[in-house]
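Me: I would like to look closely at one small part of a chain and then see how it fits with what surrounds it. Could you take it step by step?

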Amino acid sequence: LVDLAGSEKTSKTNAQGMTLDEAKKINTSLMCLGKVISALSENQGHVPYRDSKLTRVLQHSLGGNSRTTIIICMSIEAANESETRSTLAFGTRAKKIKNVVTPNIELSHEELKKRYEKIRTLYERCNAELLRWRQGESVPDEEQTENTSALSTTNSITDKPSTTSICTCKSANHVTCTCSKKSDKSSDNV
């Protein structure tokens with residue numbers, strides 16, 4: 001729970017000395033918070049979290065893995081109209097921020113070991129299949145390793161040979177290969 005001070009207008013508070021210095025620091029921190037909120041709500045690439053201690057402390061709450069609720073307080077007095085408007089604008093920008101909350105799971109040693117073994121087994125199967133493809137064998141669909149996100153997002157191993165693959169000259173008329181015989185034939189025709 002973070003309770004932020006409101007902006008300090010020295011013309012209203014007549015602050016002097018240490019109170020004035022504190023008001024300056026509060027306003028600087030709130031300005032930095034406003035910059036961070038604007039950057040997050042407009043999906044800018046760089047978010048200036050490091051500009052103040054306040055934004056560094058609130059980094060995970062503002063754009064990280066936290067469920068966050070912001071309560072803004074304002075006055076209905078005419079004398080506070082400018083502060084009320086800026087508070088409402090701040091709340092509107094903050095409302096646009098969408099955090100993606102995922103549970104923080106700490107795995108036990110045994111669970112980590114199981115996941116490692118599963119990935120290692122899949123890796124070995126993929127390597128064995130790749131070796132078969134490189135030796136020119138055709139791997140039947142039922143023996144092909146399925147596309148999994150555990151190792152990569154794209155599994156080009158199971159695709160049919162493309163125009164950039166190495167040919168073993170077993171394809172008919174070199175239609176789908178780029179072997180030297182195909183290039184020799186095409187150069188003879190030119």
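Leaving aside its neighbours within four places in sequence, which residues is Gly64 in contact with?

Reply: This is a predicted model, in which local features need pLDDT of at least 70 and side-chain atom pairs count only at pLDDT 80 or more, whereas totals for chains, interfaces and linings use all residues. Residues are numbered from 1 along each chain as its sequence is written, and side-chain values use heavy atoms, with hydrogens and water left out.

Apart from neighbours within four places in sequence, Gly64 is in contact with Gln59, Asn99 and Val100, where contact means heavy atoms within 4.5 Å. Gly64 sits in the loop between H4 and H5, and although Val100 is 36 residues away along the chain, the C-alpha atoms of Gly64 and Val100 are separated by 7.3 Å. Gly64 counts as partly exposed because its relative accessibility is 21%; the cut-offs are under 20% relative accessible area for buried, over 50% for exposed and in between for partly exposed, with a 1.4 Å probe and protein chains only.

To place this loop, it helps to step back to the chain. The chain has seven helices and zero strands, so that its pattern along the sequence reads α-α-α-α-α-α-α; helices (H or I, at least four residues) and strands (E, at least two) are DSSP runs numbered from the N terminus. Among the contacts with a separation of 6 or more, 43% join residues 24 or more positions apart. Of the 190 residues, 21% count as buried. The accessible surface, computed by the Shrake-Rupley method with a 1.4 Å probe, comes to about 15100 Å², and carbon and sulfur atoms account for 53% of this surface.

Further along the chain, Ile97 lies in the loop between H5 and H6. At 17% relative accessibility, Ile97 counts as buried, and beyond four places in sequence Ile97 touches Ile37, Leu40, Ser41 and Leu62. The partner Ile37 is 60 residues from Ile97 in sequence, yet the two are 7.7 Å apart in space, C-alpha to C-alpha.

Two of those partners, Ile37 and Leu40, are also among the members of the largest nonpolar core that touch the most other members, a group that includes Leu33, Val36, Val47 and Leu62 as well. Such a core is a set of buried Ala, Val, Leu, Ile, Met, Phe, Trp, Tyr and Cys residues joined through side-chain atoms within 4.5 Å, and this one has 13 residues. H2 and H5 each supply at least two residues of this core, and H2 gives the most, with five. In soluble globular proteins, nonpolar side chains tend to be buried together. Val36 touches Val47, Pro48, Tyr49, Thr55 and Leu62, not counting residues up to four places away in sequence.

The loop between H2 and H3 also holds residues that are exposed. His46 belongs to that loop and is exposed at a relative accessible area of 60%, while its C-alpha atom is 9.2 Å from that of Val36, ten residues away along the chain. Asn43 lies in the loop between H2 and helix H3 (53–57), is exposed at 68%, and has a phi near 50°, a positive value in a residue other than glycine.

Finally, the largest pocket has a volume of about 1000 Å³. A pocket is an open set of points on a 1 Å grid over the protein atoms alone, where a 1.4 Å probe fits and protein lies on both sides within 12 Å along at least five of seven lines, and lining residues have an atom within 4 Å of a point; the volume is the space filled by probe spheres set on the points. Of its 32 lining residues, Leu4, Ile70, Ile71, Ile72 and Phe90 are the closest to its centre. Helix H2 (18–41), helix H4 (59–63) and helix H5 (81–95) each supply at least two residues of the lining, and H5 gives the most, with seven.
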